[in-house]
2 protein chains.
Amino acid sequence: MTKVSRFAPASPQSMPPISGVTLSTCAAGIKYTDRTDLLLARFVEGTTVAGVFTRSRCASAPVDWCREHLADGHARALVVNAGNANAFTGQRGADAARVTADIAADVAQCAPNEVFLASTGVIGEPLDPSHFADELRGLAHTQTQDGWADAAAAIMTTDTYPKMASRTVDLGDGVITLNGIAKGSGMIAPDMATMLAFVATDADVPAPLLQKLLSDATGPTFNAITVDSDTSTSDTLIAFATGQSAAAAIENDPTNPRAKVLAGALHDLLHDLALQTEQDGEGITKFVTIHITGAEDKSAADTIARSVANSPLVKTAIAGEDPNWGRIVMAVGKAGEKADRDKLSIRFGDVLVAAEGERHADYREEHGAAVMKHDEIVISVDVGIGRGTATVYTCDLTHDYVSINADYRS
Amino acid sequence: MTKVSRFAPASPQSMPPISGVTLSTCAAGIKYTDRTDLLLARFVEGTTVAGVFTRSRCASAPVDWCREHLADGHARALVVNAGNANAFTGQRGADAARVTADIAADVAQCAPNEVFLASTGVIGEPLDPSHFADELRGLAHTQTQDGWADAAAAIMTTDTYPKMASRTVDLGDGVITLNGIAKGSGMIAPDMATMLAFVATDADVPAPLLQKLLSDATGPTFNAITVDSDTSTSDTLIAFATGQSAAAAIENDPTNPRAKVLAGALHDLLHDLALQTEQDGEGITKFVTIHITGAEDKSAADTIARSVANSPLVKTAIAGEDPNWGRIVMAVGKAGEKADRDKLSIRFGDVLVAAEGERHADYREEHGAAVMKHDEIVISVDVGIGRGTATVYTCDLTHDYVSINADYRS
């Protein structure tokens, strides 16, 4: 039994209803035997949809399905199962996705191309929808507006806590609400989105604008976290907008002030969910922010930040509460981006460890060691040659990470 | 106390003398208190030299020193210390390298620019040569042609066994011998060479030819291994040719048949040392060969092979003897190279696991599980779209890796 991450919220965020959205979950026994693993969400007619997906060249069948049907811009239902990713399952996988969408379309009284799908769990195992068809049909009868916390729980795999967040903002002529749920703990180095995340709002948003705002918000949120540098076949982030709030429709123009209010709330929500995902990283004991400044440009800063954030030697040093800043030097050096060893400076928290290519004269090991004892650690590197900055969130690499992943399927 | 890798040679290779080379070691107490940590090798006048070094942007002071003096193509001495990498040590580090070379030049009766240096150990700690100056001078009096095994032991850090290899080949007009030693266990993803490796031969080889052969041989040997994807600041591979064998000088032309004999022996020697380094990977219990075929080109194959070889989820699955081929799919997918999910096939050893985008009909989990129980595992992926091939050697990611690296400096 894996212990719950020390970063789990003390009490789960209360999730208000989103007008136009109902949800229900059940235990369909797809892989797990003692918990819910199937979610059906329904959306009112007129709901717009946007999504971002894994850049994996081996994307799952549900990712293929969603990509294909996103162009229409309309959604009426979402089906998510945990325990089986329906990835690398060939034609059978595509068939399973279609059959699942057909059943959901039947119960939601919509067209199959208005049904969105996501699956998470083991890769390569065929997913047989006949095994949960009855359960899926049954979910039509238990739909509730208050099902958000149950939905967040039903989509978990190795997660140790459900991830949810909600934001409410005033558009001037009316208040809108955004709810989001996410899952993910390992195989987290999203390259468009994270494992699975779903957002719904009652705002009235044209699909193209929703897509633009969602895509823009992904970079500094889900694409800025890494647990183990491994990108999933199933990364999926979908947003739904029901248009049921009292606020008027938002013009299809990202420069419009009301669109900017929505963009801010969406960014804030996704950032919250992304950090919750990172903070449930498999085996995590330390939540670490890598902050790079002074790189040649934004892209170089990002590459350097990821080189540090994904280094097994940096991550194990952090697990051991070892202020081993030499490994930060190593990770900057191996990133391949422009760097001048003799201009580099490094801080652990507020402690200046190294500057101008060597250990700072005032630095004392015990000062660095004190920072490393905290649960949350900020490591700042100034490359000293330009103005590029980046922030990436990571965690330590612990014995529990190895235990969880050496035993995952057994 | 770390246990010795299960892949340690049953008995160390016997190392013949190389005419023109003498060696000696001592315990200078640079960091370790109970073992040798300082090596002095001397080379006869006329010895040529070639080297390849880390591509890290934060290279160590000894790497800077060697690069600067390699152009002359002549070597008379080599000094290596373990316990301190003299990396990220600023001007003091450069001064320490120069002082060390001056002392060695004095005892070896040569110019400082004929002295080559390498340091391995903790990064960022100043190295004070006055602490081992007397010991270094003393090494002048204990030089022996039979010091190769002691030399291999003196340069170790977290290595659990010394790495050495020897090859003898006939050039037609005389036999030449090549000896090599290497160290390295963690921070192994060489990007030119490995942590430290040194080769000496009694062949008579012009420096430019030696450099060409050494550079050519690095790709499929040291640059084809990875323990943890972390590239060192100190990667150094230096070859010395004393010209003391009975065989005539080798013409400075890599297409010459005698140069090709030398190239073959050098490749073979480096491959042996590289695999010994991999097989002492920190915490290793499985030695894994990743073999990629059918990629778009050589470079794509290499990227995919490294993506699989460095994936924490693949490596922990192997540690758990779990034939979790879905994670191979994940790692191919995230590599970013051209791939068609529906043409991919995967083998564990001889067992065909997946073909044409899904699990093979004949595959049984117990067949894959049986392969995973072996100490040595070959994972083959055919991408199915081109003719690019690559082979990369890796190991599993175990609890011992975390233990070793969470405690390294404490």
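**Helices, rings and buried residues**

Reader: Which residues of H8(B) and H9(B) meet?

Author: From H8(B) there are B:Leu313, B:Val314, B:Thr316 and B:Ala317, and they meet B:Arg327, B:Ile328, B:Met330 and B:Ala331 of H9(B). Contact here means heavy atoms within 4.5 Å. Helices are DSSP runs of H or I with at least four residues, strands are E runs of at least two, and both are numbered from the N terminus. Before we go on: this is a predicted model, where local features need pLDDT of at least 70 and side-chain atom pairs count only at pLDDT 80 or more, while totals for chains, interfaces and linings use all residues. Residues are numbered from 1 along each chain as its sequence is written, chains are lettered from A and ligands numbered from 1 in the order in which they are written, and side-chain values use heavy atoms, with hydrogens and water left out.

Reader: Why are H8(B) and H9(B) called roughly antiparallel?

Author: Helix H8 (residues 312-319) and helix H9 (residues 325-334) of chain B pack at about 160°, with their axes 9 Å apart. Axes are lines fitted to C-alpha atoms, for helices over the stretch in contact, and angles run from 0 to 180 degrees between N-to-C directions. Under 35 degrees counts as roughly parallel, over 145 as roughly antiparallel, 65 to 115 as roughly perpendicular and the rest as oblique. The angle of about 160° is over 145, so H8(B) and H9(B) are roughly antiparallel.

Reader: And is the crossing of H8(B) and H9(B) left-handed or right-handed?

Author: Left-handed. That word applies if the near helix is turned anticlockwise from the far one by less than a right angle; clockwise gives right-handed.

Reader: What makes H5(B) oblique to H6(B)?

Author: The axes of H5(B) and helix H6 (residues 257-278) of chain B come within 9 Å and cross at roughly 45°. That angle falls in none of the other three classes, so H5(B) is oblique to H6(B). The crossing is right-handed. From H5(B), B:Leu209, B:Leu213, B:Leu214 and B:Ala217 take part, meeting H6(B) residues that include B:Leu262, B:Leu266 and B:His267.

Reader: Between chains, what makes H8(A) roughly perpendicular to H11(B)?

Author: The axes of helix H8 (residues 312-319) of chain A and helix H11 (residues 399-406) of chain B come within 8 Å, crossing at roughly 70°. That lies in the 65 to 115 band, so H8(A) is roughly perpendicular to H11(B). A:Pro312, A:Leu313, A:Thr316 and A:Ala317 meet B:Tyr401, B:Val402, B:Asn405 and B:Ala406 there.

Reader: How do you know that B:Phe116 and B:Phe240 form an aromatic pair that is edge-to-face?

Author: Rings of Phe, Tyr and Trp (its six-membered ring) pair if their centres lie within 6.5 Å; planes under 30 degrees apart count as stacked, over 60 as edge-to-face and the rest as tilted. By this rule there are 10 aromatic pairs over all chains. B:Phe116 and B:Phe240 sit 6.4 Å centre to centre with 75° between the planes, an edge-to-face pair. The pair links distant parts of the chain, B:Phe116 being in strand E5 (residues 115-122) and B:Phe240 in strand E9 (residues 236-241), 124 residues apart.

Reader: Why is B:Phe116 called buried?

Author: Buried means under 20% relative accessible area, exposed over 50%, partly exposed in between (1.4 Å probe, protein chains only). B:Phe116 has 0%, so it is buried, and B:Phe240, with 2%, is buried too.

Reader: What places B:Arg35 over the ring of B:Tyr32?

Author: A charge sits over a ring if NZ of Lys or CZ of Arg is within 6 Å of the ring centre and within 35 degrees of the ring normal. The charged end of B:Arg35 is 4.1 Å from the centre of the B:Tyr32 ring. In chain A, A:Arg35 lies over the face of A:Tyr32, at 4.1 Å from the ring centre.

Reader: What is notable about the phi of A:Asn86?

Author: Most residues other than glycine have a negative phi. The phi of A:Asn86 is positive, near 45°. A:Asn86 is in the loop between strand E4 (77-84) and helix H2 (90-108) of chain A, and its relative accessible area of 1% makes it buried. A:Gln109 also has a positive phi, near 50°, but A:Gln109 is exposed, at 67%.
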